[in-house]
Amino acid sequence: MHEESLIRTLLSQVEDIAALNNAVAVELIEVEVGPLSGVEPLLLQDAFERLKEGSAWPNAQLSVQQIGLDVLCKYCQRESQLRDFRFVCSHCDSAELQILRGDNCRLLNVKLQVNNSCV
Ligand SMILES: [Zn+2]
């Protein structure tokens, strides 16, 4: 399943970040999901709940932010955010668009719990 392999990748990324920062726990993992990423936020959340049990951070929470689709118009060189999958520039109606953001799923932020006391 697509979402499951994404979560596996995400958890190993977070593991690296946590190790680098000497974290004792991971509190929150924030990801953004674009409309063209092919990722279903609910399934992503589901996969996370299942997989975190077996991970080093069973108490971590996942926050999924759904973002819009940002494009750059090749004709008028202006940016716009597409809604309702209407694939035209909102300034000049050109369909010559380059996708800037919204076609993938990526890690935004990780909130770690770091133990600062020297024992
Ligand atoms: Zn345009």
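Biologist: In this predicted model, at what relative accessibility does Arg50 count as partly exposed?
Modeller: Partly exposed residues lie between the cut-offs of 20% and 50% relative accessible area. Arg50 counts as partly exposed because its value falls in that range, at a relative accessibility of 45%.

Biologist: Which residue does the side chain of Arg50 meet in a salt bridge, 2.6 Å from N to O?
Modeller: Side chains of opposite charge can pair when their charged atoms come close. For Arg50 the N to O distance is 2.6 Å, and the partner is Glu4. Arg50 lies in helix 2 (residues 41-52) and the partner in helix 1, so the pair ties together parts that are 46 residues apart in sequence, with the helix 1 end of the tie at Glu4.

Biologist: How far apart are the closest N and O atoms in the salt bridge that Arg8 forms with Glu4?
Modeller: Arg8 and Glu4 are four residues apart in helix 1 (residues 2-20), which means that about one helical turn separates them. An α-helix has 3.6 residues a turn, so residues three or four places apart point the same way. In the salt bridge between Arg8 and Glu4, the closest N and O atoms are separated by 3.4 Å.

Biologist: Glu49 and Lys52 both lie in helix 2, but which residue, with a relative accessible area of 6%, is buried?
Modeller: The two side chains meet in a salt bridge of 3.6 Å, N to O, and the residues are three apart, about one turn of the helix. Glu49 counts as partly exposed, at 35% relative accessibility. The residue that is buried, because its relative accessible area of 6% is under the 20% cut-off, is Lys52.

Biologist: Within what arc do the buried residues of helix 2 fall when seen down its axis?
Modeller: Helix 2 has twelve residues and reaches 16 Å from its first C-alpha to its last, close to the 16 Å expected at 1.5 Å a residue. Its buried residues are Pro41, Leu44, Ala47, Phe48, Leu51 and Lys52. Those residues line one face of the helix, because seen down the axis they fall within an arc of 120°.

Biologist: Against which elements do the buried residues of helix 2 pack?
Modeller: The residues in question are Pro41, Leu44, Ala47, Phe48, Leu51 and Lys52. They pack against one helix and three strands, namely helix 1, strand 1, strand 2 (61-66) and strand 6 (105-114).

Biologist: Which residue in the loop between helix 1 and strand 1 (23-33) has a positive phi near 55°?
Modeller: The residue is one other than glycine, with its positive phi near 55°. Its relative accessible area of 60% is over the 50% cut-off, so the residue counts as exposed, and its name is Asn22.

Biologist: What is phi near in Gln77?
Modeller: Gln77 lies in the loop between strand 3 (69-73) and strand 4 (79-82), and is exposed, with a relative accessible area of 54%. Gln77 is a residue other than glycine, yet its phi is positive, near 60°.

Biologist: About how much accessible area do Leu36, Phe85 and Phe87 have together?
Modeller: Phe85 has its place in the loop between strand 4 and strand 5 (97-101), and counts as exposed at 56% relative accessibility. With Leu36 and Phe87, Phe85 forms a nonpolar patch on the surface, whose accessible area together is about 290 Å².

Key
Residues are numbered from 1 along each chain as its sequence is written. This is a predicted model: local features need pLDDT of at least 70, side-chain atom pairs count only at pLDDT 80 or more; totals for chains, interfaces and linings use all residues. Side-chain values use heavy atoms; hydrogens and water are left out. A salt bridge is a side-chain nitrogen of Lys or Arg within 4 Å of a carboxyl oxygen of Asp or Glu. Helices (H or I, at least four residues) and strands (E, at least two) are DSSP runs, numbered from the N terminus. Buried means under 20% relative accessible area, exposed over 50%, partly exposed in between (1.4 Å probe, protein chains only). The expected span of a helix is 1.5 Å times one less than its number of residues. The arc is that of the directions from the helix axis to the C-beta atoms. Contact means heavy atoms within 4.5 Å. Patches are made of residues with over 30% relative accessible area and no salt bridge: like charges are joined within 9 Å, nonpolar side chains (Val, Leu, Ile, Met, Phe, Trp, Tyr) within 5 Å. Accessible areas come from the Shrake-Rupley method with a 1.4 Å probe; for residues, only the protein chains shown count as cover.
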